[in-house]
Amino acid sequence: MQVLVIHGPNLNMLGNREPEIYGASTLEDINFWLNEQAAKHGIELIIKQSNHEGKIVDYLQEYGVEVSGVIINPAAYTHYSIAIRDALSVLTVPIVEVHLSNIYAREEFRHNSVTAPVCKGQISGFGSLSYLLALEALIAILCKRKSVNE
Ligand code: DQA
């Protein structure tokens, strides 16, 4: 079973980027923890990061049809990218939106997510743990689906 993980713009800077908001963990740390947790469940992760909207759309089109689920932190695109929302809408697999920070406790322009309505759910505000919680949620959803189909 494969899960696609997409990190949006500026998340490659984690560790150095406003650590008081996003924490001290780097993207490599987060990817390592995700891979570790996924491996325990026999899941393979396809992990991509891009600073470009079109590239994220390309990843969703290329891998979104092959995988069993998607975890995405669209970063700033969360708040305005209809292109990413439309690319997510096409997918039939469960999608979990992730944010390190609590976007509802920050500036007003971050309160709205245009992508969350086309996701199964959103996890926001738990720092790097948000990603691990998203993976847990996805695994629970996928296991339930599997047992229903068995
Ligand atoms: C973010 C929140 C966004 O508002 C911001 O633009 C980001 C990161 C988060 O993970 O908390 O780049 O998605």
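This passage walks through the sheet, the ligand surroundings and several individual residues of a predicted model.

We begin with the sheet. Five strands form an open sheet in the order β2-β1-β3-β4-β5, and their pairing is parallel. The edge positions are taken by β2 and β5 (residues 121–124); each has a single partner strand, so one side of each lacks a neighbour in the sheet. From one strand to the next, the twist averages 20°. As general background, side chains in a regular strand alternate between the two faces of the sheet.

Strand β1 (residues 2–7) pairs with β2 in the parallel sense through six bridges. Within this pairing, glutamine 2 has glutamate 44 in β2 as its bridge partner. Strand β1 also pairs with β3, again in the parallel sense, over five bridges, and here valine 5 stands opposite isoleucine 71 in β3. Five of the six residues of β1 are buried, so this strand is largely enclosed by the rest of the structure. Helix α2, which covers residues 27–40, lies across β1 and β2 and runs at about 160° to β2.

Towards the β5 edge, strand β4 (residues 95–99) is joined to β5 by four bridges, and the two strands run parallel. Valine 96 is found opposite glycine 121 of β5. The loop between β4 and β5 holds cysteine 119. The C-alpha atom of cysteine 119 is separated by 5.8 Å from that of valine 96, although the two residues are 23 residues apart along the chain. When neighbours within four places in sequence are left aside, cysteine 119 is in contact with Leu88, Ile95 and Glu97. Its relative accessibility is 12%, and because buried means under 20%, cysteine 119 counts as buried. Cysteine 143, by contrast, has a relative accessibility of 48% and so counts as partly exposed. How many disulfides does a search of the whole structure find? The search returns zero.

Next comes the ligand. The residues around the ligand are Arg17, Tyr22, Asn73, Ala75, Ala76, His79, His99, Leu100, Ser101, Ile103, Arg106 and Arg110. Several of these residues place polar side-chain atoms by ligand oxygens. In the side chain of arginine 17, an N or O atom is 2.9 Å from an oxygen atom of the ligand. For histidine 99, a polar side-chain atom lies 2.8 Å from a ligand oxygen atom. For arginine 110, the separation between a polar side-chain atom and an oxygen atom of the ligand is 2.9 Å.

Alanine 75 is one of the residues around the ligand, and its backbone deserves a look as well. Its phi is near 55°, a positive value in a residue other than glycine. Alanine 75 sits in the loop between β3 (residues 69–73) and α4, and its relative accessible area of 12% makes it buried. Glutamate 18 also has a positive phi, near 35°, and is likewise a residue other than glycine. The loop that holds glutamate 18 runs between β1 and α1 (residues 19–22). With a relative accessible area of 35%, glutamate 18 is partly exposed.

Two further loop residues complete the picture. Serine 50 is placed in the loop between β2 (residues 44–49) and α3 (residues 53–63). Is serine 50 buried or exposed? At 5% relative accessibility, serine 50 counts as buried. A polar atom of its side chain lies 3.0 Å from the backbone nitrogen of histidine 52. Apart from neighbours within four places in sequence, the contacts of serine 50 are His7, Gly8, Pro9, Lys55, Ile56 and Tyr59.

Threonine 92 belongs to the loop between α4 (residues 82–90) and β4. With a relative accessibility of 74%, threonine 92 counts as exposed. Its C-alpha atom is separated by 9.1 Å from that of serine 68, and these two residues are 24 residues apart along the chain.

Technical notes. Residues numbered from 1 in each chain as written. Predicted model: local features only at pLDDT ≥ 70, side-chain atom pairs only at ≥ 80, totals over all residues. Heavy atoms only, no water. Buried < 20%, exposed > 50% of the residue type's maximum accessible area, 1.4 Å probe, protein only. Polar contact = N/O pair within 3.5 Å; in protein donor to acceptor, adjacent residues only side chain to side chain. Contact = heavy atoms within 4.5 Å. Disulfide = S-S within 2.5 Å. Pairing = 2+ DSSP bridges. Axes fitted to C-alpha atoms, helices over the stretch in contact; angles between N-to-C directions. Near = heavy atom within 4 Å.
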